[in-house]
Amino acid sequence: MKGIQDYYPDHFAHCYGCGRLNEHGHQIKTFWEGEGTLTRFVPKEYHTAIPGFVYGGLLASLIDCHGTGSAALALAKAQGIELSETNAPRCVTASLQVKYLKPTPIGGEIVIKGKIKEVGARKVIVEAELFANGVLCVVGEVVSVLVPDNFGL
Ligand SMILES: CCCCCCCC/C=C\CCCCCCCC(=O)SCCNC(=O)CCNC(=O)[C@H](O)C(C)(C)COP(=O)(O)OP(=O)(O)OC[C@H]1O[C@@H](n2cnc3c(N)ncnc32)[C@H](O)[C@@H]1OP(=O)(O)O
């Protein structure tokens, strides 16, 4: 199944967290599930904080790109954009807040769920919940801002 990241132009597809063209990155994919958004990721052994548990920086990174991806989905919906080829809106992170509630175990799939809290003309706020083996381990909030096609060029 295609994620919003599959609809970014190539120039915006090199992000370490979610760029489909970054062979060293996490290449996460974010899509709608009902009214919310969803990203899945399976940490590797080397994503370790202490043996058996995921490094918190990685979890923040996953929430970051889940947030910007969810924001792009929300803007596309709000603006009536039908996704095809590389026409997705692109959002950059303005603010990232993460709260680690429980250690996150390595050894299974991580699921990140997003709730769109606010959608403006450019700014989107997304609340994220990160689950490991069905247990809520991390929550976060991402403020994303729509950027123009020539951002970074
Ligand atoms: C330089 C590298 C960036 C690379 C990113 C590539 C983007 C590609 C897009 C897509 C690709 C796939 C996705 C990638 C995902 C990547 C994730 C990351 O790791 S991103 C890297 C870290 N983030 C930055 O480096 C942003 C640096 N900051 C900025 O560029 C600007 O400050 C920016 C664009 C965030 C806002 O600047 P303004 O001048 O365009 O817009 P104003 O008018 O200041 O703000 C618009 C709204 O946002 C709020 N806002 C701005 N900053 C905020 C903040 N820090 N906290 C809360 N709200 C904030 C403001 O209050 C305003 O809200 P009101 O419309 O009035 O309601």
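Biologist: Which residues come nearest to the ligand in this predicted model?

Modeller: Of the 17 residues around the ligand, those that come nearest are Phe-12, Thr-93, Ala-94, Arg-122 and Lys-123.

Biologist: What makes the approach of Thr-93 to the ligand a polar contact?

Modeller: A polar backbone atom of Thr-93 is 2.9 Å from a nitrogen atom of the ligand. A polar contact is a pair of N or O atoms within 3.5 Å, so this pair qualifies. For Ala-94, a backbone N or O atom lies 3.0 Å from a ligand nitrogen atom, and this pair therefore meets the 3.5 Å limit as well.

Biologist: Why does Lys-123 count as a polar contact of the ligand?

Modeller: Here a polar side-chain atom of Lys-123 lies 3.1 Å from an oxygen atom of the ligand; the pair is within 3.5 Å and is therefore a polar contact. As for cover, the ligand taken alone exposes 1300 Å², of which the protein buries 48%.

Biologist: Which elements each supply at least two residues of the shell around the ligand?

Modeller: They are α1 (56-78), β3 (91-100) and β6 (135-146). The most comes from β3, with five residues.

Biologist: How do the residues of the shell divide into nonpolar, polar and charged?

Modeller: Ten are nonpolar, three polar and four charged.

Biologist: Why are residues 52-133 labelled "domain: Thioesterase"?

Modeller: The label comes from the UniProt annotation, in an unreviewed entry; such annotations may be inferred rather than shown by experiment, so the name rests on the record. In the model, this span is 28% helix and 37% strand, and its end C-alpha atoms lie 14 Å apart.

How values were computed:
Residues are numbered from 1 along each chain as its sequence is written. This is a predicted model: local features need pLDDT of at least 70, side-chain atom pairs count only at pLDDT 80 or more; totals for chains, interfaces and linings use all residues. Side-chain values use heavy atoms; hydrogens and water are left out. Helices (H or I, at least four residues) and strands (E, at least two) are DSSP runs, numbered from the N terminus. A residue is near a molecule or strand if one of its heavy atoms lies within 4 Å of it. A polar contact is a pair of N or O atoms within 3.5 Å; within protein, one must be able to donate a hydrogen and the other to accept it, and residues adjacent in sequence count only if both atoms are side-chain atoms. Accessible areas come from the Shrake-Rupley method with a 1.4 Å probe; for residues, only the protein chains shown count as cover. Ala, Val, Leu, Ile, Met, Phe, Trp, Tyr, Cys and Pro count as nonpolar, Asp, Glu, Lys and Arg as charged, and the others, Gly among them, as polar.
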